Amino acid sequence: MSSDKKDQNEKICSQLLASKSNRRDFIKTMSIAAAAGSAALTAGCIPSANAASSEEMKLRWQEFFKENYRMMTQEEKDETVARLERLAKLRNNLDLQMSSLPPIEGVLYGYAFNITRCEGFMECVSACVKENNLDRKTDTQYIRIFEMEPGKLDPSTGDGQYYHEVPVENKFYMGTQCFHCENAPCTKACPTKATWMEPDGIVVVDYDWCIGCRYCQAACPYYGRRFNWGQAEIPKEEITLKQHYLGNRLRPKGKMEKCTFCIQRTRKGRLPACVEACPTGARVFGNLLDPDSEIRFVLKNKKVFRMKEEIGTDPKFWYFID
Amino acid sequence: MQAQQKKNLITFVSDVIRWNLRGGFGFQLFRIVLFGIMGLGIYAYSFQARYGLSVTGMNDVVSWGFYISNFTFLVGVAAAAVMLILPAYIFHDPGFHRVVIIGEGVAVGAIIMCLSFILVDLGGPLQAWHLIPGIGLFNFPSSILAWDVLVLNGYLLLNALVPAYILYSHYMGRKADERKYRPFVFLSIFWAFSIHMVTAFLYQGLPARPFWNNPLMGPRFLASAFAAGPALITLILAVIHSSTTYKIERNVFNKLRLIIVISAIINLLMLFSEIFKEFYFPTHHSSSAIYLFFGMDGHNSLVPWIWTSVCVNLMATLVLAFNPGKNNPKVLLPACFFLFVAIWMEKGIGLIVPGLIPSPLGEVVDYLPTWVELCVTLGIFALGVTVVTWLVRAALIIEQDYGDIPDAK
Amino acid sequence: MTKIFNNCLIVLCCAIGVGGQAQASEKSFLDEVNMSNEKFDNRSVPVDKLVIQESVLAKEENQDGPFRVLTRKKLIGRFKCSSCHTGKAVTANQGLELTHSDIALKHGQEGQALSCIDCHHVEERNFLEDKKGRKIDFDHSYQLCGQCHFRQKRDWLGGAHGKRVANWAGERVVFNCTTCHNPHSPRFEKRFPATYSVPLD
């Protein structure tokens, strides 16, 4: 180790000792120390296994020691987004555009699903897979469409794995996904506050803060969460490059993920991919706080119901009938 | 002992290590086999570290499997040490006083296994530091898992430090000051109940899983734990009694048998009550129980498992209750063993896996652990056994060689 | 012993306190939603993606005021119709191709199926015609469809039928009736789904 690096390390150590560490400082100094240490390591001592550049190592260390997204200042959010973009460039030569766009004031998202209109074409599912960079190897899907027998309204009585010409006479179709409950059991369960409800009503996961204990998955009454059991595989040319930190960015293995109402789109005024792809207009999306929005029209003028309302989760996802 | 002045904390630790490296050929072989199994576990875990949890049998429906099953069961074993502590310290039972240290050793081993199971079950073990209060972000008191982290680690500390203090005092040739450790003993009694209740609440608090969302969960956890734990401790005491010079009084075994029988009967009663509720008028919420006991949609991998468990449990309980061999250890010890295994089957996989099947949307899949899960589990068991043997061996040597000194004075 | 019980009580109270914050009454965020009557300006949201499809201002308004619908005329291959239908008898070389033999009319209930002139204007072929004899522009077919499908039209105006284009915010641009439905055969055709769910185990 060269002498100036030693000096640097000593300085960092003394900083570390001197600072009356609140947590943020602690983590920051840790990450600086770690970055310096790793730079020193890659400079000579340990040959890097996959020829990782020292820049990549440094970025990865900083990423490892970063905070929960909710505790970050906007500046820190910009930094981590920049790091993630750079890492994607270094490792996979991807030109991402990642955002950390905050929620829009006065907006609470709501979703309605018309079970009369849905014909089971599943265009929503494939649009979702494409938009949200879902794993193609294990065919992860956020949306499930159930082919339902008449006379029953519980998806557990339906067929979620149909593949034949649709619509079938005398059947109806019912889609499920994350319902973004106002009183979400999953966020209550998470031991590290890695999942929470944003002010605009979207339940999100900080993929880098999640420890992968899957308690939220056990707590979800709607089968709304998916786990990265292995490393997701997506053909490079199919990766959606417009990403959001809390949305469709590429997830590491061992982390929980879920529908985010396409946060990367909706915070920019766009419709979620499933709504945009639906060929029958069975999906209605909008701002619940806007009295003139489509979703409010549905709530006011249609007979709506929510799944498993008796649990008291208060989903922001309604089913309705024409 | 003339070398008393030379003794300090460092010699205490080094002596404990030294005693544990000694031992006959059989003991060494046992130790090597345990190390071999641990190595196998580490080898299996390396696959998991590389490819993620996809190498396990778990999936998005059965998102908790063999690891969490064993974790849940072992929390009970750990909590059951209280069944030795309670009579020893509160009722001042002299027989139990002699074996309480062994119970505490078993508790420490069980808790270490619990924590290891949690660690190997995590998708991101490197991020486990997010759980440390202060450095990470701790969702307390909202998340029951956060409570569980606290109570498990607290229990580990209590059960490690109190005996360590007592043993160290004996090692130093003085009597342990009861005023110093007694509050912690009381705390650990209360804590033992809490670790098990909190672990039960982990499941009980999930309205998404009607099989678990059941107010009997906590009490039943305790009842089954106070049957399985003392059964294991009985076996361990029997091994110690027969293979070492540390002799255990007969009436300890008799009292343990009583504890086991009462707990096992309460456990069976609660099981019956649950079965009645699920099957007298089956509702939507009974589907997990139907899957468990009778299978569903052609998926029935757990049916033989649970029926084996229930039958063995019943038989063992009857044998222990009616005591046909008139306290013959050749009858009672196998009964303890089978009771332990039956409760392990029922409270491990028989509780965790069906809670997740069918999925909240009604899909039924079968779960089978893969070789990775089995080997990692075996490795953790070996780790636990190693910890217990180390602790118990050190404790017994101190108790036998040093423990009597204060009385002799 | 009482100490132990006291301790247990405290723990229980803690646990109940944790659970108690969940929800004690029927209060729901929906109260807040239903009470929020303040107008939200959709155009204040910076919209990332502009609607590229051509649209026209609708001739009716909904609860939110004026809105736009996607155009139709540009998508009709041989518009304007008057280039052939000049009022005289039509003679065409590629008769089979140009006499609309490709259109299979499957609109209306069994036994009382519609015919061309139920919707198309008899004289002015560039327009549609409703039952009251009003001329209706192809871009505003909702005025025609809505005379029978009045419930769907009401839903469409409000937002429960049909769909918006691209954005939930910004200016409201919605699909026209004919963007999704083939007016000659409005029911969606049977087909295979775009994908399927793999078995979970």
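## A tour from the chain A sheet outwards

Start by selecting helix α10 (residues 294-301) of chain A: this helix lies across β2, β10, β11 and β12 of chain A, and runs at about 110° to β10(A). Keep in mind throughout that this is a predicted model.

**Stop 1: the sheet under the helix**

Now show the four strands themselves. They form an open sheet in the order β10-β2-β12-β11 (chain A), and the pairing is mixed. Which strands sit at the edges? They are β10 and β11 (304-305) of chain A, each of which pairs on one side only.

Select strand β2 (residues 109-114) of chain A next, and look at each of its partners in turn. Towards β10(A) there are five bridges, and the two strands run antiparallel. To see one pair, pick A:Phe113, whose bridge partner in β10(A) is A:Arg283. Towards strand β12 (residues 317-320) of chain A there are four bridges, and here the strands run parallel. A pair to click on is A:Asn114 with its bridge partner A:Phe320 in β12(A).

Before leaving, colour strand β10 (residues 283-287) of chain A by burial: five of its five residues are buried.

**Stop 2: the whole of chain A**

Zoom out to chain A. Its secondary structure comes to 10 helices and 12 strands, and 52% of its 322 residues count as buried. Among contacts in chain A with a separation of 6 or more, 63% are between residues 24 or more positions apart.

The domain assignment splits chain A into domain 1 (3-98) and domain 2 (109-320). Colour the two separately and look at where they meet: 14 residues of domain 1 of chain A are in contact with 15 residues of domain 2 of chain A. On the domain 1 side, α4 (74-92) and β1 (97-99) of chain A each supply at least two residues. The largest share of that side, four residues, comes from α4(A). By class, the domain 1 side has six nonpolar, three polar and five charged residues.

Follow α4 of chain A into the loop that leads to β1 and select A:Asn93, which is found there. This residue has a positive phi of about 55° although it is not a glycine. Is A:Asn93 buried or exposed? It counts as exposed, because 8 C-beta neighbours lie inside 10 Å.

**Stop 3: where the chains meet**

Bring chain B into view. 36 residues of chain B are in contact with 41 residues of chain A. Helix α6 (residues 144-171) of chain B gives the largest share of the chain B side, three residues. That side has 18 nonpolar, 15 polar and three charged residues.

Then switch to chain C, which puts 40 residues into its contact with 47 residues from chain A. The side of chain C that touches chain A has 19 nonpolar, 13 polar and eight charged residues.

**Stop 4: the nonpolar cores**

The largest nonpolar core has 220 residues, and those with the most contacts inside it are B:Ala78, B:Cys114, B:Ala228 and B:Leu339. Helix α5 (residues 94-121) of chain B provides the largest share of this core, 16 residues. Domain 1 (3-98) and domain 2 (109-320) of chain A both give residues to this core, so it lies between them.

Select B:Leu339 and show its surroundings. Beyond its neighbours within four places in sequence, its contacts include B:Ala227, B:Ala228, B:Ile260 and B:Leu320. A second, separate core of nine residues includes C:Leu144, C:Trp156, C:Leu157 and C:Cys177.

**Stop 5: some details in chain B**

Pick B:Ile380, in helix α14 (residues 371-401) of chain B. B:Ile380 is buried, because 26 other C-beta atoms lie within 10 Å, and the cut-off for burial is 20 or more. Leaving aside neighbours within four places in sequence, B:Ile380 is in contact with B:Gly41, B:Met113, B:Ser116 and B:Phe117. Draw a distance to B:Leu34 as well: the two C-alpha atoms are separated by 10.0 Å, with these positions 346 residues apart along the chain.

Two cis peptide bonds are worth a click:

- B:Phe140 to B:Pro141, with omega about 5°; B:Pro141 lies in the loop between α5 and α6 of chain B.
- B:Ile357 to B:Pro358, with omega near -10°; B:Pro358 lies in the loop between α13 (349-356) and α14 of chain B.

Finish at B:His92, in the loop between α4 (82-90) and α5 of chain B. Its phi is near 50°, a positive value in a residue other than glycine. B:His92 counts as exposed, with 9 C-beta neighbours inside 10 Å.

Notes. Residues numbered from 1 in each chain as written. Chains lettered and ligands numbered in written order. Predicted model: local features only at pLDDT ≥ 70, side-chain atom pairs only at ≥ 80, totals over all residues. Contact = placed C-beta atoms within 7 Å. Nonpolar A, V, L, I, M, F, W, Y, C, P; charged D, E, K, R; others polar. Domains from an automatic or database assignment. Buried ≥ 20, exposed ≤ 12 C-beta atoms within 10 Å, placed from the backbone. Core = buried A, V, L, I, M, F, W, Y, C linked by C-beta atoms within 7 Å. Pairing = 2+ DSSP bridges. Axes fitted to C-alpha atoms, helices over the stretch in contact; angles between N-to-C directions.
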